[in-house]
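Q: I should like a close look at one part of this structure, set in the context of the chain as a whole. Please give the answer as one connected account.

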Amino acid sequence: AGGMAPAAPGQGVARTEYLLGGSALVQAVATLPQGLGGYAATSFAAGKAFAKVSVPDYGSLYIAYNFYIPFLEALGGPDYAALVPPLALGTPTWTVAEAHYSFDISKRLFVRLGKQLISWGPSLVWNPVDFINPQKADAFSSVDLRAGKPGLRLHAPLGSANVFAFLDFSGLVSGSSVNSLGEGLGYGLRLDTTLGGFELGLTGYGGASSQAKLGLDFSGYLLGFTAYGDLAWAPGYDSYEQSLKAGLGLSRTLGELKRLSLSAEAYWQSDGKDLTGDSTTMATKPSLYMGAYYAYAALEAKEFLSPDLTSKVSVLANLSDYSWRLRLDESLALPRAVPLTLSLSYSGGGAAKEFTYQAGDGNLSLGIRTLISF
């Protein structure tokens with residue numbers, strides 16, 4: 001929803017603009033072990049609501065909140081207790097996702113101050129050059145529920161190139177201590193340009209209390225495919241260990257009507273390893289992707305069997321421990337009906353591996369969700 005305040009008599013046509021909106025995901029999921037000897041069931045609503053006010057000649061103020069409300073939790077079988085930590089049903093959790101003030105200086109320099117998410121890097125699933133955001137984006141989530149970092153972002157467009165800088169304020173306060181600028185500031189810099197039909201990017205990040213990182217990335221068209229890739233290097237020094245991360249992806253639409261789309265992505269990280277059998281270590285990791293080699297592939301068909309149906313089949317595999325997850329999504333958009341997506345996923349590859357250590361080898365997950373945007 002949006003609106004505009006009327007201009008005062010005798011003034012120009014510039015008006016204050018108001019924008020309200022957001023998205024909400026309502027979902028129910030049931031996870032079943034091999035042999036159907038138990039279950040874990042959850043249902044919740046999650047989403048983001050935002051408000052933006054733009055004042056001519058002054059800039060814009062933006063604030064966004066993430067919310068999560070659990071509706072249902074149920075367990076059948078003691079082995080699934082770790083999948084569903086007890087929550088207060090019906091009690092909402094609100095988090096400030098972003099809150100920032102933006103303005104420009106003669107359209108030559110664009111400034112954003114406050115808590116914000118930074119979008120650097122082309123990859124869809126892993127994005128190794130995403131150095132700044134405290135959380136990696138979840139490519140399989142219908143709503144981005146990450147929270148940004150406090151800082152100052154500068155953007156200077158230079159014809160066919162762009163220069164971005166980010167001063168990261170998040171390290172200035174540690175618990176009850178306030179650090180000096182020299183100790184607590186983080187510095188991010190990105191340069192992107194176009195060359196031969198490709199967009200090329202160089203990204204760096206570092207600080208006195210942060211490991212230095214350097215990234216290279218590209219995106220463009222190659223032999224009919226959209227191709228992208230990135231390489232990230234963190235050198236070893238002091239107490240930091242060297243690491244390398246790399247990703248490569250391809251996507252293409254198929255058929256005369258462009259209703260089929262194929263996508264694939266590969267990822268490698270030097271510090272990943274096979275943790276088969278080490279469920280304790282895997283449970284303490286902040287996210288998945290603990291191995292060294294990964295692959296993802298998906299095929300999507302729009303208007304498949306029906307003009308109101310979109311089907312997507314995808315597979316995500318850890319090639320270090322050979323665990324994997326196969327997923328089918330059926331999205332229905334019937335006239336005068338709530339849009340629904342039905343999901344079925346199966347995880348396998350052996351017990352106590354990355355995709356099976358929580359719910360067991362051969363587990364099934366059934367889900368239904370709807371996404372409301374306003």
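Is aspartate 217 buried or exposed, and what is its relative accessible area?

A: In this predicted model, aspartate 217 is buried, its relative accessible area being 7%. The cut-off for that class is a relative accessible area under 20%, and the 7% of aspartate 217 therefore places the residue among the buried ones.

Aspartate 217 belongs to strand 13, which runs over residues 210-222. Its side chain is joined to that of arginine 190 by a polar contact of 2.8 Å. Setting aside residues up to four places away in sequence, aspartate 217 touches Pro122, Val129, Arg190, Glu199, Leu200, Gly201, Thr203, Gly229 and Asp230.

The partner, arginine 190, sits in strand 11, residues 186-195. Arginine 190 also counts as buried, at 4% relative accessibility. The polar contact thus links two side chains whose residues are both in the buried class, aspartate 217 at 7% and arginine 190 at 4%. A further polar contact, of 2.7 Å, connects the side chain of arginine 190 with that of threonine 203. Threonine 203 is in turn one of the residues that aspartate 217 touches. With residues up to four places away again left out, the surroundings of arginine 190 consist of Trp120, Gly121, Asn162, Val163, Phe164, Gly201, Leu202, Thr203 and Asp217. Gly201 and Thr203 therefore appear in the contact lists of both arginine 190 and aspartate 217.

Strand 11 also holds aspartate 192. This residue is buried as well, with a relative accessible area of 8%. Aspartate 192 touches Ser160, Ala161, Asn162, Phe164, Glu199, Leu200 and Gly201, not counting residues up to four places away in sequence. Among these, Glu199, Leu200 and Gly201 are also touched by aspartate 217, while Asn162 and Phe164 are touched by arginine 190. Between the C-alpha atoms of aspartate 192 and valine 163 the distance is 6.8 Å, although 29 residues separate the two in sequence. Valine 163 is itself in contact with arginine 190.

Elsewhere in the chain, phenylalanine 67 offers another buried position, with a relative accessible area of 13%. Phenylalanine 67 lies in strand 4, residues 59-76. Beyond its neighbours within four places in sequence, its contacts are Ser23, Ala24, Ala45, Ala46, Gly47, Lys48, Thr93 and Trp94. One of these, alanine 45, is 22 residues from phenylalanine 67 along the chain, and the two C-alpha atoms are 8.0 Å apart.

Leucine 364, in strand 21, is by contrast partly exposed, with a relative accessible area of 28%. Its C-alpha atom lies 7.4 Å from that of glutamine 34, a residue 330 positions away in sequence. When neighbours within four places are left aside, leucine 364 is in contact with Ala30, Thr31, Leu32, Leu344, Ser345 and Tyr346.

Two loop positions deserve mention for their backbone angles. Most residues other than glycine have a negative phi. Glutamate 303, which is not a glycine, has a positive phi of about 55°. This glutamate occupies the loop between strand 17 (293-302) and strand 18 (309-318), and is partly exposed at a relative accessible area of 39%. Alanine 352 likewise has a positive phi, near 60°. Alanine 352 lies in the loop between strand 20 (340-348) and strand 21 (363-373), and its 23% relative accessibility counts as partly exposed.

As for the chain as a whole, its secondary structure comprises two helices and 21 strands. The radius of gyration is 23 Å, close to the 21 Å given by the globule rule for 374 residues, so the chain is as compact as a globular protein of that length. The C-alpha trace spans about 75 × 60 × 55 Å along its principal axes. Aspartate 217, at 7%, is one of the buried residues, a class that takes in 36% of the 374 in the chain. Of the contacts with a separation of 6 or more, 49% are between residues 24 or more positions apart. The exposed area of the chain is about 20600 Å², and 63% of it is supplied by carbon and sulfur atoms. There are 26 positive and 30 negative side chains, and the centres of these two sets are 6 Å apart.

Methods. Residues numbered from 1 in each chain as written. Predicted model: local features only at pLDDT ≥ 70, side-chain atom pairs only at ≥ 80, totals over all residues. Heavy atoms only, no water. Helix = DSSP H or I, 4+ residues; strand = E, 2+ residues; numbered from the N terminus. Rg over C-alpha atoms; globule rule 2.2 N^0.38 Å. Buried < 20%, exposed > 50% of the residue type's maximum accessible area, 1.4 Å probe, protein only. Contact = heavy atoms within 4.5 Å. Areas by Shrake-Rupley, 256 points an atom, 1.4 Å probe, with all protein chains shown as cover. Lys, Arg positive; Asp, Glu negative; His and termini not counted. Charge placed at Lys NZ, Arg CZ, Asp CG, Glu CD. Polar contact = N/O pair within 3.5 Å; in protein donor to acceptor, adjacent residues only side chain to side chain.
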